[in-house]
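This report looks at how the helices of one chain pack together and at the aromatic and polar side chains found between them. Please keep the sequence and the model in view while reading.

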Amino acid sequence: VSTQSTWGSMGDEVANLEERLEMETKLDVRALVVNAEVDFAKDPKNDQAKYLLAQLLLKSREKESLRRARTLLRELAEAEQAKPESSMLREYLYHQALANLKLGDYDLGLQIVARLLQLEPKNRQFLALNELLRRKWQREGQIGLGIAAAAGVVLAVAFVGLVKGVARR
């Protein structure tokens, strides 16, 4: 298998993941969230009800809903780690990483995906999420550098103006 075809198909998987996430955020799941909230309130120890609520909250664009989804998923993952045969841990961690992606917490998302890749190094879904998080993290870093550079130019111009003003006096 050539490296180019592997990365080409990974690029397709990353694009598919981005497209799916964008489509999910356009869904109106408010009624479903209300029902899931009711079910979860009836039995807060029910992991299935908690997971369903977290998945629905994850489809939101609202930061508060995304933070709540992340918290619920973290709680589920922590409880699942204590179990000898953890069948849902990967799901909880994957969705927790998605929540971090949507919240812009790319560093934390990358840490979680690193754990997933330790469990399953060749899992294409995990690899695609890792690549998407890495790209977003790099893009955000470049934007931050651009803002810092622009601020530096503004400060330099202001300083030169101040020096010239003092020199005229």
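A crossing of two helices is called left-handed if the near helix is turned anticlockwise from the far one by less than a right angle, and right-handed if it is turned clockwise. With that term in hand, the model, which is a predicted one, can be described from its overall fold down to single side chains.

**Overall fold**

The chain holds seven helices and zero strands, so that, as the term is used for DSSP runs numbered from the N terminus, its pattern along the sequence reads α-α-α-α-α-α-α. Of its 169 residues, 33% count as buried. Among the contacts with a separation of 6 or more, 60% are accounted for by residues 24 or more positions apart.

**Helix H3 and its neighbours**

Helix H3 covers residues 47–57, and its buried residues are Ala-49, Lys-50, Tyr-51, Leu-53, Ala-54, Leu-56 and Leu-57. These buried residues pack against three helices, namely H2 (30–42), H4 (63–81) and H5 (89–103). At the N-terminal end, H3 is capped by Asn-46, which places a side-chain oxygen 2.8 Å from the backbone nitrogen of Gln-48.

Two packed helices are described by the angle between their axes and the distance between the axes. For H3 and H4, the axes come within 8 Å and cross at roughly 150°, and the crossing in which H3 passes H4 is left-handed. On the H3 side the contact is made by Asp-47, Lys-50, Tyr-51, Leu-53, Ala-54 and Leu-57, while H4 contributes Ser-65, Leu-66, Arg-68, Ala-69, Leu-72, Leu-73, Glu-75 and Leu-76. Sorted by character, the residues of this contact comprise nine nonpolar, one polar and four charged.

**Aromatic pairs**

The structure holds two aromatic pairs, and the table sets out their geometry.

| Pair | Centre to centre | Angle between planes | Class |
|---|---|---|---|
| Tyr-51 and Tyr-92 | 5.1 Å | 70° | edge-to-face |
| Tyr-94 and Phe-126 | 6.0 Å | 35° | tilted |

The pair of Tyr-51 and Tyr-92 is classed as edge-to-face because its planes stand at 70°, and planes over 60 degrees apart fall in that class. This pair links distant parts of the chain, with Tyr-51 in helix H3 and Tyr-92 in helix H5, 41 residues apart. Tyr-51 counts as buried because its relative accessibility is 11%, and Tyr-92, with a relative accessible area of 4%, is buried as well.

The pair of Tyr-94 and Phe-126 likewise links distant parts of the chain, since Tyr-94 lies in helix H5 and Phe-126 in helix H7 (residues 124–168), 32 residues apart. Both Tyr-94 and Phe-126 are buried.

**His-95 beside Tyr-51**

Which side chain shares a polar contact of 3.1 Å with that of His-95? The partner is Tyr-51, the residue of H3 whose ring also pairs with that of Tyr-92. His-95 is placed in helix H5 and is buried, with a relative accessible area of 13%. A polar atom of the His-95 side chain also lies 2.9 Å from the backbone oxygen of Glu-91. Leaving aside neighbours within four places in sequence, His-95 is in contact with Tyr-51, Gln-55, Leu-58 and Leu-73. Of these, Tyr-51 and Leu-73 also take part in the contact of H3 with H4.

Key:
Residues are numbered from 1 along each chain as its sequence is written. This is a predicted model: local features need pLDDT of at least 70, side-chain atom pairs count only at pLDDT 80 or more; totals for chains, interfaces and linings use all residues. Side-chain values use heavy atoms; hydrogens and water are left out. Buried means under 20% relative accessible area, exposed over 50%, partly exposed in between (1.4 Å probe, protein chains only). Helices (H or I, at least four residues) and strands (E, at least two) are DSSP runs, numbered from the N terminus. Contact means heavy atoms within 4.5 Å. A polar contact is a pair of N or O atoms within 3.5 Å; within protein, one must be able to donate a hydrogen and the other to accept it, and residues adjacent in sequence count only if both atoms are side-chain atoms. Axes are lines fitted to C-alpha atoms, for helices over the stretch in contact, and angles run from 0 to 180 degrees between N-to-C directions. Ala, Val, Leu, Ile, Met, Phe, Trp, Tyr, Cys and Pro count as nonpolar, Asp, Glu, Lys and Arg as charged, and the others, Gly among them, as polar. Rings of Phe, Tyr and Trp (its six-membered ring) pair if their centres lie within 6.5 Å; planes under 30 degrees apart count as stacked, over 60 as edge-to-face and the rest as tilted.
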